[in-house]
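Please open the model in your viewer and keep the selection panel handy. We will walk through it stop by stop, with a note on what to select each time.

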Amino acid sequence: MDADTFNRMYPVRTPVRVFPNTREDGSRITRTRTRAVQVQHGLAVVHVDGIRCPFDTRYIDPLLDNHPVEA
């Protein structure tokens, strides 16, 4: 999904499940803290609370059911 589409669908502070390493290694529940941006080769990334590096939007699952966010 490109950054514009991600931003239209999921505003900043959307609860998300992120996969810091791989989908097989487990996940973390947090929130987006920036809008997604398009970087090299069409990759869309977004920053989330509690983690320094940006995440490829392919490794983020938005949680739209008021899921509690980890501290």
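**First stop: Tyr10**

Select Tyr10: at 13% relative accessibility this residue counts as buried, where buried means under 20% relative accessible area, exposed over 50%, and partly exposed in between (1.4 Å probe, protein chains only). Tyr10 sits in the loop between α1 and β1. Show what surrounds Tyr10 and, leaving out residues up to four places away in sequence, you will find that it touches Met1, Pro62 and Leu64; a contact here means heavy atoms within 4.5 Å. Now put a distance label between the C-alpha atoms of Tyr10 and Thr32: these residues are 22 apart along the chain, and the label should read 8.7 Å.

**What kind of model this is**

Before going on, please note that this is a predicted model, in which local features need pLDDT of at least 70, side-chain atom pairs count only at pLDDT 80 or more, and totals for chains, interfaces and linings use all residues. Residues are numbered from 1 along each chain as its sequence is written, and side-chain values use heavy atoms, with hydrogens and water left out.

Colour the chain by pLDDT, the predictor's confidence in each residue from 0 to 100. The protein chain averages 87, and 83% of its residues score at least 70. Confidence is highest in strand β3 (residues 37-38), with a mean of 96, and lowest in strand β5 (residues 55-56), with a mean of 90.

**The whole chain**

Switch to cartoon view. There is one helix, together with six strands, and from the N terminus the order of elements is α-β-β-β-β-β-β. Helices (H or I, at least four residues) and strands (E, at least two) are DSSP runs, numbered from the N terminus.

If you turn on the surface, its accessible area is about 4,700 Å², with 49% belonging to carbon and sulfur atoms; these areas come from the Shrake-Rupley method with a 1.4 Å probe, and for residues only the protein chains shown count as cover. Of the 71 residues in the chain, 32% are buried. Among contacts between residues at least 6 apart in sequence, 43% join residues at least 24 apart.

**The helix**

Select residues 3-9, helix α1, and pick out Asn7 within it. Is Asn7 buried or exposed? Its relative accessibility is 11%, so Asn7 counts as buried. Beyond its neighbours within four places in sequence, Asn7 is in contact with Arg35 and Ala36.

**The sheet β2-β1-β6**

Next, select these three strands, which form an open antiparallel sheet in the order β2-β1-β6. At the edges are β2 (28-31) and β6 (60-62), each pairing on one side only. From one strand to the next, the twist averages 35°, with axes taken as lines fitted to C-alpha atoms (for helices over the stretch in contact) and angles running from 0 to 180 degrees between N-to-C directions.

Zoom in on strand β1 (residues 15-18), which pairs with β2 in the antiparallel sense over four bridges; two strands pair if DSSP finds at least two bridges between them. Here Val18 stands opposite Arg28 in β2.

**The sheet β3-β4-β5**

Move to the other trio, an open sheet in the order β3-β4-β5, again with antiparallel pairing. Since β3 and β5 are the edge strands with a single partner each, one side of each is left without a neighbour in the sheet. Strand β4 (residues 44-46) pairs with β3 over two bridges, and Gln38 stands opposite Ala44 in β4.

**The nonpolar core**

Show as sticks Ala3, Phe6, Tyr10, Val16, Val18, Ala36, Ala44, Val46, Val48, Ile51, Phe55 and Ile60: these twelve residues make up the largest nonpolar core. Such a core is a set of buried Ala, Val, Leu, Ile, Met, Phe, Trp, Tyr and Cys residues joined through side-chain atoms within 4.5 Å. At least two of its residues come from each of α1, β1 and β4. Centre on Val16, whose contacts more than four places away in sequence include Ile29, Val48, Ile60 and Leu63.

**Last stop: two positive phi angles**

Select Arg13, in the loop between α1 and β1. Although not a glycine, Arg13 has a positive phi of about 85°, and at 44% relative accessibility it counts as partly exposed. Then jump to His41, in the loop between β3 and β4. His41 is not a glycine either, yet has a positive phi of about 55°; at 83% relative accessibility, His41 counts as exposed.
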